[in-house]
Amino acid sequence: SGSSDPYCVVKVDNEVVARTATVWKSLNPFWGEEYTLRLPHGFRSLAVYVLDEDTIGQDDVIGKVSLSRQQISAEPRGVDGWLSLMPVDPDEEVQGEIHLELWVPKQGHPRVLRCHLIEARDLAPRDPSGTSDPFARVSCCGQTLETAVIKKTRFPRWDEVLQLELAEGELGEAVLSVEVWDWDIVGKNDFLGRVEFPLDTICMEPTKGWFQLLPFPSSTEDHGGQLGALRLAVRLVEDRVLPLSYYQPLIQLLTEPILCPDQPTAGTALAVLEEVTSGESREDVATKLVKFFLGQGLAVPFLDYLTTRELARTTDPNTLFRSNSLASKSMEQFMKVVGLPYLHQVLKPVVNHIFEEKKYVELDPGKMELSRSRRVQGDSWGDTQISFKGSLSEAQVRESSLELLKGYLGDIVDAIVGSVEMCPLLMRVAFKQLRRRVEERFPSAQHEEVRYFSISGFLFLRFFAPAVLTPKLFRLREQHAEPRTGRTLLLLAK
């Protein structure tokens with residue numbers, strides 16, 4: 001069809017930790033998905049694979065972006081930008097560990113390197129059966145020996161000792177290489193991973209333990225973006241959590257202007273934080289502050305503090321809370337944390353109905369499909385039947401689209417208006433306080449509607465409308481909408 005159905009798989013040290021939704025029929029997919037991963041201290045790399053989902057057969061690998069821990073750590077603000085996709089070489093796609101014991105006895109002539117290949121685990125599957133037929137190969141100083149092949153397993157146990165004679169002059173910079181391969185009766189064997197050890201290290205002290213299998217050194221050849229590029233934002237944060245007593249001075253500093261509202265606000269920790277927080281980090285700061293004050297039981301007074309300060313700075317009520325200030329971002333994050341279950345109760349039935357119907361909706365004449373338009377009708381049993389009519393006029397498409405949009409929008413508005421009792425108490429208290437502050441700041445009759453706009457600006461523009469536009473990001477759906485449904489959701493959100 002000239003397009004793909006792309007999705008991403010995220011791996012940490014070759015272990016799959018996340019998978020995005022599939023974006024159907026697109027060469028320019030947008031995911032907008034964010035993952036917070038708890039990583040082991042010793043992790044080595046992060047890789048994101050882009051695949052094309054196929055309903056029949058195996059999914060096709062389009063390419064990958066791989067970042068080492070060093071690359072991510074080198075950017076304190078994180079890696080953020082377009083990164084070219086690299087081809088996926090099976091020899092580099094390794095996983096698993098091997099259990100080894102290596103030593104060189106102090107006595108004896110000639111000296112002998114003894115390699116006890118005990119077992120391996122979690123090897124990559126290379127055969128259609130989902131397993132492999134692994135054997136191990138050791139190489140050093142021009143000598144090579146192999147273990148027996150263990151059939152149909154990703155967890156082989158060899159328990160073999162292979163011995164290599166060492167010439168006296170070969171101990172300098174020599175390296176022992178241990179490789180694991182998948183044996184194939186037809187064609188060449190498949191590479192499963194390798195690990196290397198300097199020989200002089202083994203001669204000084206025996207080496208024993210589990211070792212992660214590594215790929216062959218990859219080529220740094222640039223493929224000029226032929227496979228496309230992936231926009232990624234990756235940041236590594238290391239948190240050290242201390243006992244609660246250590247944080248008491250900070251808690252006191254942040255809560256002081258909330259607990260003592262009669263004191264001057266200029267110069268308080270929150271006021272300074274509000275002034276120095278830049279646009280790019282404001283959402284992150286707002287999220288952490290909201291969670292902190294929720295934990296202290298002070299979320300509503302905290303929001304009241306920020307919104308009161310912003311009201312004092314606002315002269316034109318038409319611009320109230322329209323910027324991405326710390327007050328606006330904090331209220332937005334507060335609604336997401338406190339109101340997500342409520343959002344699901346209100347919107348999920350309507351959103352599911354729109355996804356299931358897949359009706360054609362379009363109001364823009366330049367985007368209308370007028371020839372052999374598809375009409376979906378319900379029969380007496382409630383099922384859908386698809387029938388193809390002749391060419392439709394622009395007016396017909398617009399009329400049918402308007403009727404559908406009005407129906408969907410009516411369902412959404414009815415669900416919202418009828419959900420007062422479901423709305424979380426904290427949200428209702430926060431909005432009641434906001435309305436009171438707005439009335440105090442703009443008391444004249446000509447500004448009577450501002451008290452409603454200030455609340456609806458948050459509730460609709462920053463809560464309900466974004467969830468209608470992209471249900472996947474609010475966990476209303478498991479998958480992103482296909483293009484037709486996505487267009488309907490866009491028009492509804494507008």
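Biologist: Which residues are linked in a network of salt bridges?

Modeller: Glu283, Lys329, Glu332 and Arg462 are. Keep in mind that this is a predicted model. Searching the whole structure turns up 25 salt bridges.

Biologist: What makes Glu146 and Arg137 a salt bridge?

Modeller: Their side chains come to 2.9 Å, N to O. The cut-off is 4 Å, so the pair counts.

Biologist: And why is Glu146 called partly exposed?

Modeller: Glu146 has 42% relative accessibility. Partly exposed runs between 20% and 50%, so that value fits the label.

Biologist: How about Arg194 and Glu196: what distance goes with their salt bridge?

Modeller: That one is 2.5 Å, N to O, between the two side chains. With a limit of 4 Å, it qualifies.

Biologist: Is Arg194 buried or exposed, and what about Glu196?

Modeller: Arg194 sits at 13% relative accessibility. Buried means under 20%, so Arg194 is buried. Glu196 has a relative accessible area of 43%, which makes Glu196 partly exposed.

Biologist: Which parts does the salt bridge of Arg451 with Glu439 tie together?

Modeller: The closest N and O atoms of that pair are 3.2 Å apart. Arg451 belongs to helix α10 (residues 450-469) and Glu439 to helix α9 (residues 425-441), so the bridge joins parts that are 12 residues apart in sequence. Glu439 is partly exposed, because its relative accessible area is 26%.

Biologist: On to the helices. Why is α4 called oblique to α6?

Modeller: The axes of helix α4 (residues 269-276) and helix α6 (residues 299-313) cross at roughly 60 degrees and come within 12 Å. Roughly parallel needs an angle under 35 degrees and roughly perpendicular starts at 65, so α4 is oblique to α6.

Biologist: Which residues of α4 make that contact?

Modeller: Leu270, Ala271, Glu274 and Glu275 do, meeting Phe302, Tyr305, Leu306, Arg309 and Arg313 of α6. The residues of this contact divide into five nonpolar, no polar and four charged. The crossing of α4 past α6 is right-handed.

Biologist: What makes α5 oblique to α7?

Modeller: Helix α5 (residues 279-295) packs against helix α7 (residues 326-357) at about 55 degrees, with the axes 8 Å apart. That angle is not under 35 degrees and does not reach 65, so α5 counts as oblique to α7. This crossing is right-handed.

Biologist: How do the residues of the contact of α5 with α7 divide?

Modeller: Nine are nonpolar, three polar and three charged. Glu283 in α5 and Lys329 in α7 are among the residues that meet here, and both are in the salt-bridge network too.

Notes
Residues numbered from 1 in each chain as written. Predicted model: local features only at pLDDT ≥ 70, side-chain atom pairs only at ≥ 80, totals over all residues. Heavy atoms only, no water. Buried < 20%, exposed > 50% of the residue type's maximum accessible area, 1.4 Å probe, protein only. Helix = DSSP H or I, 4+ residues; strand = E, 2+ residues; numbered from the N terminus. Axes fitted to C-alpha atoms, helices over the stretch in contact; angles between N-to-C directions. Parallel < 35°, antiparallel > 145°, perpendicular 65-115°, else oblique. Left-handed = near helix turned anticlockwise from the far one by under 90°. Contact = heavy atoms within 4.5 Å. Nonpolar A, V, L, I, M, F, W, Y, C, P; charged D, E, K, R; others polar.
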